[in-house]
Amino acid sequence: MQLSEINSGTSNVNGIGKVGNFFHTYFSDTADSNEKISSKPREHTDIEGNKVNEEFGDILSFEKRSGAPIQVLLVGHMDTVFPKTHSFQSPQKLDANTLLGPGVADMKGGILVMLTALQAFEASNHGGQLGWRVILNADEETGSHGSVDTLVSAAAHADAGLIYEPALADGTLSRARKGSGNFTVVATGKAAHAGREFELGRNAIMGLYAAANRLEQLTDLAQGITVNIARIAGGTVLNVVPAQAVLQFNVRCHSAEQQKALDSTMKQILQEVTEQSEVAFELSGSFSRPPKTISPANQLLMDWVTESGKQLSIDVQYKDTGGCCDGNNLAAAGLPNVDTLGVLGGQIHTAEEYMLIDSLTERTKLSLSILEKISTDGDRLQALSEQGKVN
Ligand SMILES: [Zn+2]
């Protein structure tokens with residue numbers, strides 16, 4: 001509850017620092033070494049068409065037995081989607097087993113699961129050949145632009161990834177995930193007096209409207225492709241043909257091939273609309289979340305989670321999702337991972353976000369059992385991953 005009360009919206013670097021201090025105390029007690037890493041600032045174009053530099057909080061890293069033959073990477077994010085100005089700021093116990101609050105499920109509760117599982121693992125006799133690294137980043141909710149390099153380089157030294165996003169309220173975990181990209185188009189036309197020289201103007205809003213229409217038509221639900229025209233702004237006063245307009249949109253799909261094809265089709269559409277409308281377009285943004293597909297090594301890790309669940313009478317089920325998380329980037333970097341090992345909860349990203357309190361203990365036991373399994377059989381995972389790289 002104490003943690004939920006500290007606001008840590010992605011833009012609240014100060015609040016994230018406080019959450020970081022809290023976790024630092026406990027993780028550094030269990031780890032051999034720890035490190036604070038600066039997030040990379042992100043340059044992007046806002047809805048007014050201005051280039052802005054966004055800063056993020058520090059990334060925390062903790063390591064144990066970095067020389068051990070089998071290495072696990074555990075990942076959590078300290079940020080939430082609720083900025084300081086949001087009305088949803090404090091936790092509230094709804095009943096004996098339900099805690100409502102910002103970040104309780106996504107994912108402060110999840111980081112607690114990770115922490116207690118590691119503490120229990122270190123207290124057991126299973127250590128030895130298993131080493132681990134924890135990375136807590138500060139910008140997952142806006143796409144991990146400032147932390148993705150750190151995550152990808154850590155993935156190169158690990159054999160398995162465990163990520164503590166919340167499971168669904170019924171305990172279902174995520175399997176494959178769609179890839180996702182956020183894009184901005186700045187349209188530049190030509191201003192003119194709407195009464196005196198209307199014909200000399202080139203209307204940036206109408207050009208952008210035509211482009212948005214065609215981009216939206218790339219949506220193909222049967223193929224799993226969605227284009228969400230999310231924000232549009234432009235124009236000044238009513239007697240001026242608008243010279244500038246800005247569009248922001250999100251694209252999701254299942255495969256890297258689709259992302260590549262969409263990338264070039266989007267550019268082609270903008271080119272064609274420019275030829276027709278004489279409105280120029282500048283496209284920025286990228287597919288920052290690659291699709292998460294399930295490799296044989298990833299399937300083996302998922303099977304181990306299922307087995308571990310069975311021993312604890314937890315029925316583990318998996319479901320594909322269109323949502324993204326750091327599991328996307330780790331999988332694309334070749335690291336098999338299960339990314340919803342946190343608490344059970346629901347209504348995340350809304351003011352009704354809740355977690356089921358008894359899942360803290362249940363999922364800690366599950367993670368402990370997975371760590372033990374990786375510690376015993378991790379070489380099988382390594383062999384399968386190597387095979388995947390060769391093929
Ligand atoms: Zn999350």
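**View 1. The bridge between Lys93 and Leu99 in the predicted model.** Lys93 has Leu99, a residue of strand β7, as its bridge partner, in a structure that is a predicted model throughout. The strands concerned, β6 and β7 (residues 98-100), run antiparallel to each other and are joined over three bridges.

**View 2. The open four-stranded sheet that contains β6 and β7.** The strands follow one another in the order β6-β7-β20-β19, with antiparallel pairing, and the sheet they form is open. Its edges are occupied by β6 (92-95) and β19 (345-346), each of which finds a pairing partner on one side only.

**View 3. Helix α3 lying across the sheet strands β7, β19 and β20.** The helix, which spans residues 104-123, lies across these three strands, and with β20 (354-356) it makes an angle of about 45°.

**View 4. The zinc ion and its three protein donors, His77, Asp106 and Glu165.** Coordination is provided by NE2 of His77, an OD atom of Asp106 and an OE atom of Glu165, at distances of 1.7 to 2.1 Å. Asp106 belongs to helix α3, whereas Glu165 sits in the loop between β9 (160-163) and β10 (173-177), so that this pair, 59 residues apart, links distant parts of the chain. Along the chain, the donors of the zinc ion obey the spacing H-x28-D-x58-E.

**View 5. Burial of the zinc donors Asp106 and Glu165.** Asp106 counts as buried because its relative accessibility is 3%, which lies under the 20% limit for burial. Glu165, with a relative accessible area of 8%, is likewise buried.

Technical notes:
Residues numbered from 1 in each chain as written. Predicted model: local features only at pLDDT ≥ 70, side-chain atom pairs only at ≥ 80, totals over all residues. Heavy atoms only, no water. Pairing = 2+ DSSP bridges. Helix = DSSP H or I, 4+ residues; strand = E, 2+ residues; numbered from the N terminus. Contact = heavy atoms within 4.5 Å. Axes fitted to C-alpha atoms, helices over the stretch in contact; angles between N-to-C directions. Donors = N, O, S within 2.8 Å, 3.2 Å for Na, K, Ca; no water. Buried < 20%, exposed > 50% of the residue type's maximum accessible area, 1.4 Å probe, protein only.
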